[in-house]
Amino acid sequence: MADSLNSIGSIATHIVESFNNISIGVSGNMVEIVDLARQHIANYTGQTIGSNSISDIYQPAILNFAKADVIDLINAQAGGEDVRLGELSISETGEAMSAEQYRKLGEFYLRSLGRNVQFAKSLS
């Protein structure tokens with residue numbers, strides 16, 4: 001992707017700037033959200049991925065999984081509001097965004113990375 005997204009901090013900043021009016025509860029935990037996505041990718045691939053100097057091949061998967069988690073958190077905080085003032089009624093279901101597209105994109109990038117799998121033969 002870019003050298004500007006080569007750390008969990010820079011990815012976290014990029015995600016915060018991608019969403020309008022992100023709540024403090026979500027943005028305050030952004031580095032942890034991105035770090036959990038990084039750990040998920042590292043566990044899947046069997047590779048060591050540090051929090052700094054993240055290779056270009058891992059950045060898209062980390063970014064999309066983190067965005068999906070952020071959208072899920074935003075939707076969890078945005079419950080359905082029902083406001084009434086006299087005859088005026090405003091109902092909000094809180095389902096403005098879907099994390100599904102980002103999660104599928106993250107899974108696509110994750111599968112393209114492959115896995116480091118080892119097999120052993122038992123002599124018993």
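Here are some questions and answers about confidence, salt bridges and an aromatic pair in this predicted model.

User: Before we start, which part of the protein chain has the highest confidence, and what is its mean?
Analyst: Happy to help! This is a predicted model, where local features need pLDDT of at least 70 and side-chain atom pairs count only at pLDDT 80 or more, while totals for chains, interfaces and linings use all residues. Residues are numbered from 1 along each chain as its sequence is written, and side-chain values use heavy atoms, with hydrogens and water left out. The protein chain averages a pLDDT (the predictor's confidence in each residue, from 0 to 100) of 81, and 78% of the residues score at least 70. Confidence is lowest in strand S2 (residues 88–92), at a mean of 57, and highest in helix H3 (residues 30–45), at 93.

User: Nice. How many salt bridges are there in the whole structure?
Analyst: A salt bridge here is a side-chain nitrogen of Lys or Arg within 4 Å of a carboxyl oxygen of Asp or Glu. A search of the whole structure with that criterion gives a count of four.

User: Which residues are linked with Arg103 in a network of salt bridges?
Analyst: Arg103 bridges to Asp69 with the closest N and O atoms 3.3 Å apart; Arg103 sits in helix H5 (residues 100–113) and Asp69 in helix H4 (residues 59–77), 34 residues apart (helices, H or I, at least four residues, and strands, E, at least two, are DSSP runs numbered from the N terminus). Arg103 also bridges to Asp72, at 2.7 Å between the closest N and O atoms. Asp72 lies in helix H4 as well, so this pair ties together parts that are 31 residues apart in sequence. The network partners of Arg103 are therefore Asp69 and Asp72.

User: Is Asp72 buried or exposed, or in between?
Analyst: Buried means under 20% relative accessible area, exposed over 50%, and partly exposed in between (1.4 Å probe, protein chains only). Because its relative accessibility is 37%, Asp72 counts as partly exposed.

User: What is the distance between the closest N and O atoms of Lys104 and Glu100?
Analyst: Both residues lie in helix H5, four residues apart, about one turn of the helix. Their salt bridge has its closest N and O atoms at 3.1 Å.

User: And what is the geometry of the aromatic pair of Phe108 and Tyr109?
Analyst: Rings of Phe, Tyr and Trp (its six-membered ring) pair if their centres lie within 6.5 Å; planes under 30 degrees apart count as stacked, over 60 as edge-to-face and the rest as tilted. The structure holds one such pair. With centres 5.5 Å apart and 65° between the planes, Phe108 and Tyr109 are edge-to-face.
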